[in-house]
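Good morning, and thank you for making time for this item. I would ask you to look at the sequence and the structure on the screen while I go through them.

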Amino acid sequence: MNDGLPRDGAGRMAQARQARVLIVDDHETNRLLLQEHVAMNGCTPILASDGVEALHEIHASPPDMVILDLMLPRLDGDAVLRRVRANPAFDRMPIVMISALSDNARANRCMELGASDFIPKPFPANALDDRINQCLASASREEQGADPFRAREFAREIVSALGLLHLAT
């Protein structure tokens with residue numbers, strides 16, 4: 001993968017500061033597997049077992065990325081996603097939704113709510129590697145001011161506000 005980011009010999013992102021990835025899943029086995037995998041990708045994993053813990057972690061010390069299960073106790077993944085996206089301070093935080101409920105309607109709903117991506121469970125490890133690298137690379141470009149997705153969204157908002165054309169999202 002040639003995305004312009006520094007990488008180590010294994011192709012993992014080499015960063016001056018390890019990216020912090022919040023893993024939110026109510027199943028301990030899943031959290032531990034994801035924790036190990038995130039760490040193997042050179043990132044620092046942070047764990048939460050439900051939506052309330054996730055929101056606390058996000059507000060207390062915002063991670064660079066969130067891997068968020070859809071079905072959670074106390075506050076489900078949709079509700080967490082909605083609340084995070086409602087706060088302008090977190091509108092660019094990459095959030096990858098994961099779920100055993102993998103129908104297209106559910107995935108589309110997550111994307112409409114502002115998810116960066118949706119991965120159905122079970123998933124191959126390389127699918128998660130790709131999402132982590134893509135999300136963190138995109139976040140890095142945004143920090144440097146190069147965000148083609150924001151530019152496209154802004155253009156749609158202008159066109160829509162002017163009533164000139166209705167663009168499909």
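**Helix H3 and its surroundings**

I begin with helix H3, whose buried residues pack against helix H2 (51–60), strand E3 (65–69), strand E4 (95–99) and helix H4 (104–113). Please keep in mind throughout that this is a predicted model.

H3 covers residues 77–86, and seven of its ten residues are buried, so the helix is mostly covered. The buried ones are Gly77, Asp78, Ala79, Val80, Leu81, Val84 and Arg85. In general, an α-helix has 3.6 residues a turn, so residues three or four places apart point the same way. At the start of H3 there is also a polar contact: a side-chain oxygen of aspartate 76 comes to within 3.2 Å of the backbone nitrogen of aspartate 78.

Let me now step back to the whole chain. There are six helices and five strands. In sequence order they follow the pattern β-α-β-α-β-α-β-α-β-α-α. The chain has 169 residues, of which 38% count as buried. Among contacts with a separation of 6 or more, 60% are between residues 24 or more positions apart. The chain exposes about 9,400 Å², and carbon and sulfur atoms supply 53% of that area.

I turn next to the interior. Which residues have the most contacts inside the largest nonpolar core? That core has 25 residues, and the ones in question are Leu22, Val24, Val66, Leu68, Ile95 and Met97. Two or more residues come from each of strand E1 (20–24), strand E2 (44–48), H2, E3, H3, E4 and H4. H3, with which I opened, gives the most to this core, namely four residues. There is also a second, separate core of 15 residues, which includes Ile23, Ile67, Leu128 and Leu136.

Leucine 68 illustrates the packing of the larger set. Apart from its neighbours within four places in sequence, leucine 68 is in contact with Val24, Gly77, Val80, Leu81, Ile95, Val96, Met97 and Ile98. Of these partners, Gly77, Val80 and Leu81 are among the buried residues of H3.

Serine 99 is a polar residue to consider alongside these. It is found in strand E4. Is serine 99 buried or exposed? Its relative accessible area is 1%, and because the limit for buried is under 20%, serine 99 is buried. The side chain of serine 99 reaches the backbone nitrogen of leucine 101 at 2.9 Å. Beyond its neighbours within four places in sequence, serine 99 is in contact with Asp69, Leu70, Phe118, Ile119, Pro120 and Lys121.

Two partly exposed residues deserve a word as well. The one I take up now is glutamate 53, in helix H2. Its relative accessible area is 31%, so glutamate 53 is classed as partly exposed. A polar atom of its side chain lies 2.9 Å from the backbone nitrogen of serine 49. Leaving aside neighbours within four places in sequence, glutamate 53 is in contact with Ala48 and Arg74. Glutamate 53 and arginine 74 are 21 residues apart in sequence, and their C-alpha atoms are 9.3 Å apart in space.

The other is proline 45, which lies in strand E2. With a relative accessible area of 22%, proline 45 counts as partly exposed, because buried requires a value under 20%. Proline 45 and leucine 22 are 23 residues apart in sequence, yet 5.9 Å apart from C-alpha to C-alpha. Excluding its neighbours within four places in sequence, proline 45 is in contact with Val21, Ile23, Gln35, Val38 and Ala39.

For those who will ask about cysteines, the structure holds zero disulfides. Cysteine 43 counts as buried, at 5% relative accessibility. Cysteine 135 is buried too, with a relative accessible area of 9%.

Finally, a word on confidence. The mean pLDDT of the chain is 80, and 72% of the residues reach 70 or more. Over residues 163–169, pLDDT stays under 50, and for that stretch the model has six contacts beyond four places in sequence.

Thank you; I am glad to take questions.

Notes. Residues are numbered from 1 along each chain as its sequence is written. Side-chain values use heavy atoms; hydrogens and water are left out. Buried means under 20% relative accessible area, exposed over 50%, partly exposed in between (1.4 Å probe, protein chains only). Contact means heavy atoms within 4.5 Å. A polar contact is a pair of N or O atoms within 3.5 Å; within protein, one must be able to donate a hydrogen and the other to accept it, and residues adjacent in sequence count only if both atoms are side-chain atoms. A disulfide is a pair of cysteine sulfur atoms within 2.5 Å. pLDDT is the predictor's confidence in each residue, from 0 to 100. Accessible areas come from the Shrake-Rupley method with a 1.4 Å probe; for residues, only the protein chains shown count as cover. A nonpolar core is a set of buried Ala, Val, Leu, Ile, Met, Phe, Trp, Tyr and Cys residues joined through side-chain atoms within 4.5 Å.
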